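Biologist: Could you walk me through this model and explain the words you use for it?

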Amino acid sequence: MSIRPIYLDCHATTPVDERVLAAMLPYFTEKFGNPSSISHVYGWEAEAAVKQTREILAAAINATPEEIVFTSGATEANNLAIKGVAEAYFQKGQHIITVATEHKAVLDPCAYLKTLGFEITVLPVQKDGLIDLTELEKALRPETILVSVMAANNEIGVLQPLTEIGEICRDRNIIFHTDAAQAIGKIPLDVQAQKIDLMSLTAHKAYGPKGIGALYVRRRNPRVQVAPQQHGGGHERGMRSGTLYTPQIVGFGKAVEIALAEQATENQRLTELRQKLWQQLSPIEGVHLNGHPTQRLAGNLSISVEGVDGAALGLGLQPVMAISSGSACTSANTAPSHVLTALGHSQQLAYASVRFGIGRFNTPEEIDTVAKHAIATIQSLRKQTTLV
Ligand SMILES: *Cc1c(COP(=O)(O)O)cnc(C)c1O
């Protein structure tokens, strides 16, 4: 029997919770209607299911159901937010601010806009991964139309100060977008209290299905415009055409509903697991924690290890644990993680990094196995290095 490695890559994706799958199944075969079909029961029941998820998502972030635009995931939501605002507001200004540690799904649309003539400021982060709010204020210009700062980082788990950023942007009438792909269901989000105008969401980081996400688009105080990036039948109030994927939308709603109901107890449990792992790894000399020690996702532990080769470390860990050394979304290329180099790490140290993404189905026993193997791997690699 081949033993599969322990799954600790929950920032890359998560399994679909059985309860989510059960909610989705009837919508493939029985209740398969098109939610846009208004003349029969097949359409009505699909539309009712879509409406229910809209309500769950809206309640989760203190928005209204009409402000939820379904997309294929957070990548598409980020593209719609950033390119959509650029297109709708370019006459007002052509300057956009984002951050060096953002996901590529934010950085790449910004880089694309630069080729069209927009000016992009990419803010640095401090050693702990947080942005400096005075740096943000200094970067603002009269022609700034958008600030995009993520809620929770996918590599180092750092939670940016959304409320303070929202305050700064609202004072100056600048649209504030946040990529909350890693945050939905895991930390409290409130678009009113935090003065957020656009928020990208996805289901598959929170035990929902892949291929479904949403963009929250503020409708009042102020009303925010985003130019559609996909044209067609006029779905989602014209902002995103295409037949709605009912089973995925049902799964998205169920996943968020479960995550919210269990958020407090699950965060407590994940924090304990993370501390259990860190308590075992931190005594090893030259092992560094990446990102702010407390202002981070409960299930995230990112470390960098001095004196070992990054590739060898990854290979050594792989038989026992499914982890990521850098973002899974960018691991196809061999450059060191842009997030870790933004923290000031050398290339070597950025390579010798491990992201543990602890999740709903991990146990304390698994954490002990992982810690033991990680320590043995680091020590054995260092011994080999000194022998040469
Ligand atoms: C996973 C992730 C994305 C991409 O989301 P998809 O739904 O897979 O397109 C974007 N931003 C962050 C921060 C992520 O973690």
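Modeller: Let's start with a side chain: an N or O atom of Q182 lies 2.7 Å from an oxygen atom of the ligand. Taken alone the ligand exposes 380 Å², and the protein buries 90% of that; such areas come from the Shrake-Rupley method with a 1.4 Å probe. This is a predicted model, where local features need pLDDT of at least 70, side-chain atom pairs count only at pLDDT 80 or more, and totals for chains, interfaces and linings use all residues. Residues are numbered from 1 along each chain as its sequence is written, and side-chain values use heavy atoms, leaving out hydrogens and water.

Biologist: Why is the pair between D179 and a nitrogen atom of the ligand called a polar contact?

Modeller: A polar contact is a pair of N or O atoms within 3.5 Å (within protein, one must be able to donate a hydrogen and the other to accept it, and residues adjacent in sequence count only if both atoms are side-chain atoms). A polar side-chain atom of D179 is 2.6 Å from that nitrogen, so the pair qualifies.

Biologist: What makes T75 another example?

Modeller: Its side chain has an N or O atom 2.6 Å from an oxygen atom of the ligand, so the 3.5 Å limit is met here too.

Biologist: How do you know that H103 surrounds the ligand?

Modeller: A residue is near a molecule if one of its heavy atoms lies within 4 Å of it. H103 is among the residues around the ligand, as are M150 and K205.

Biologist: What makes domain 1 and domain 2 touch?

Modeller: Contact means heavy atoms within 4.5 Å, and 28 residues of domain 1 are in contact with 30 residues of domain 2. The domain bounds come from an automatic or database domain assignment, with 6–14 + 264–387 as domain 1 and 18–257 as domain 2.
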